[in-house]
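Here are a few exercises to work through with the model open in your viewer. Try each task before you read the solution.

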Amino acid sequence: MRKNISLLLEEAKSQFSGYTALYAYRLMNLCVKADPVSLLSIEINENGRIINIETVANVSRPDDYHFEIYPKTEGALKEISKGIVGSHPEFKQEIKNQNEEDDEENQFLYITIPDTDDDRYKALKDGVEILSDECKANLDFTFSKYSAKIIEKLEGGKKEEIDEANEQLKELKEQIEKISKDYKEAKLKEIEESHDAFLEKKEAEKDREEREEKAHNKNAGMSMKLFGEDDDE
């Protein structure tokens with residue numbers, strides 16, 4: 001194969017991979033769990049200078065659904081909070097104290113990833129489809145662009161040579177599409193599992209409330225008997 005065609009195929013592969021990496025990053029920012037990657041998009045304003053969160057805070061992840069964010073400098077908490085709202089308004093923020101002293105120096109942000117309730121479940125799945133369609137459009141565009149470039153470079157060449165180059169381009173695209181499909185399926189599985197967990201929690205809460213109500217009614221009935229309210233007149 002001609003060297004200029006090999007270089008074109010390498011360029012196409014790089015662009016295919018770039019779009020897929022962007023797709024994966026955006027999927028990670030459809031937060032179901034406390035994924036550290038989601039914090040990369042947060043921009044903090046420090047005296048007019050935009051910096052990332054790790055510059056001004058230490059971050060820990062106590063479990064799958066929470067972050068703890070500890071400012072490195074006094075006064076940074078407010079800007080960190082604003083940066084989180086700008087990037088992830090769905091995150092639930094709570095200011096907590098590291099100890100019993102109620103002052104700003106001991107405060108940190110406790111971040112909770114919302115439950116995947118029915119509304120959020122639909123929004124997340126819709127988000128996956130939008131990102132998937134965008135990724136597919138980018139891959140299709142890249143394929144068409146480089147297919148045209150191959151024809152241009154091989155103008156006047158043998159049809160077999162053009163077909164071979166286009167077949168390799170097609171294979172590259174199919175490989176990347178398989179990777180993208182795996183990303184999508186993994187994200188949808190994560191969303192489904194989180195929604196199932198929410199439904200289970202909701203059902204358990206309903207069962208608990210029903211048991212408490214039955215116990216309350218039973219105790220109320222016993223109280224009436226004790227006070228003679230069931231006695232015949």
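Before starting, one definition: a pocket is an open set of grid points with protein on both sides within 12 Å along at least five of seven lines, and its lining residues have an atom within 4 Å of a point. Keep in mind, too, that this is a predicted model.

**Exercise 1. Work out which residues and elements line the largest pocket, and describe the lining by class.**

Solution. Start with the volume: the largest pocket comes to about 190 Å³. Next, list its lining: Y23, E129, S132, D133, C135, K136, L139, E177, S180, K181 and K184. Now map these onto the secondary structure. Two or more lining residues come from each of α4 (118-153) and α5 (159-226), and α4 has the largest share, with 6 residues. Finally, sort by class: 6 are charged, 3 nonpolar and 2 polar.

**Exercise 2. Find the enclosed space: how many cavities of 30 Å³ or more are there, and what lines the largest cavity?**

Solution. The idea is simple: rolling a probe the size of a water molecule over the atoms shows where empty space is left. The count here is 1 cavity of 30 Å³ or more. As for volume, the largest cavity has about 60 Å³. Around the largest cavity you'll find Y19, L22, Y23, R26, L131, E134, C135 and N138. Both α1 (3-28) and α4 put at least two residues into that lining. By class, the cavity lining splits into 5 nonpolar, 2 charged and 1 polar. Compare the two lists and you'll spot Y23 and C135 in the pocket lining and again in the cavity lining.

**Exercise 3. Find the aromatic pairs and classify how their rings sit.**

Solution. Searching the whole structure turns up 2 aromatic pairs. Take F67 and F91: their ring centres are 6.4 Å apart and their planes meet at 45°, so this pair is tilted. Now place them. F67 sits in strand β4 (residues 66-71) and F91 in the loop between α3 (76-87) and β5 (92-97), so far along the chain from each other, 24 residues apart, that the pair links distant parts. For accessibility, the cut-off for buried is under 20%, so F67 at 1% is buried, and F91 at 5% is buried as well.

Move on to Y70 and F108. Their centres are 4.6 Å apart with 25° between the planes, a stacked pair. Again distant parts of the chain are linked: Y70 is in strand β4 and F108 in strand β6 (residues 107-112), 38 residues apart. Y70 is partly exposed at 22%, whereas F108 is buried at 6%.

**Exercise 4. Which lysines lie over aromatic ring faces?**

Solution. K96 lies over the face of Y110, at 3.8 Å from the ring centre. Then look at K173, which lies over the face of F143 at 5.7 Å from the ring centre.

**Exercise 5. Is the overall chain spread out or compact?**

Solution. First, count the elements: 5 helices and 6 strands. In sequence order they run α-β-β-α-β-β-α-β-β-α-α. Then check the radius of gyration: it is 28 Å, well over the 17 Å from the globule rule for 233 residues, so the chain is more spread out than a compact globule. The C-alpha atoms fill a box of roughly 110 × 55 × 20 Å along the principal axes. Last, buried residues account for 30% of the 233.

Definitions and conventions
Residues are numbered from 1 along each chain as its sequence is written. This is a predicted model: local features need pLDDT of at least 70, side-chain atom pairs count only at pLDDT 80 or more; totals for chains, interfaces and linings use all residues. Side-chain values use heavy atoms; hydrogens and water are left out. Rings of Phe, Tyr and Trp (its six-membered ring) pair if their centres lie within 6.5 Å; planes under 30 degrees apart count as stacked, over 60 as edge-to-face and the rest as tilted. Helices (H or I, at least four residues) and strands (E, at least two) are DSSP runs, numbered from the N terminus. Buried means under 20% relative accessible area, exposed over 50%, partly exposed in between (1.4 Å probe, protein chains only). A charge sits over a ring if NZ of Lys or CZ of Arg is within 6 Å of the ring centre and within 35 degrees of the ring normal. On a 1 Å grid over the protein atoms alone, a cavity is a set of points where a 1.4 Å probe fits but cannot get out, and a pocket is an open set with protein on both sides within 12 Å along at least five of seven lines; lining residues have an atom within 4 Å of a point. Grid points are joined across faces, edges and corners, and a volume is the space filled by probe spheres set on the points. Ala, Val, Leu, Ile, Met, Phe, Trp, Tyr, Cys and Pro count as nonpolar, Asp, Glu, Lys and Arg as charged, and the others, Gly among them, as polar. The radius of gyration is taken over C-alpha atoms; the globule rule is 2.2 Å times the number of residues to the power 0.38.
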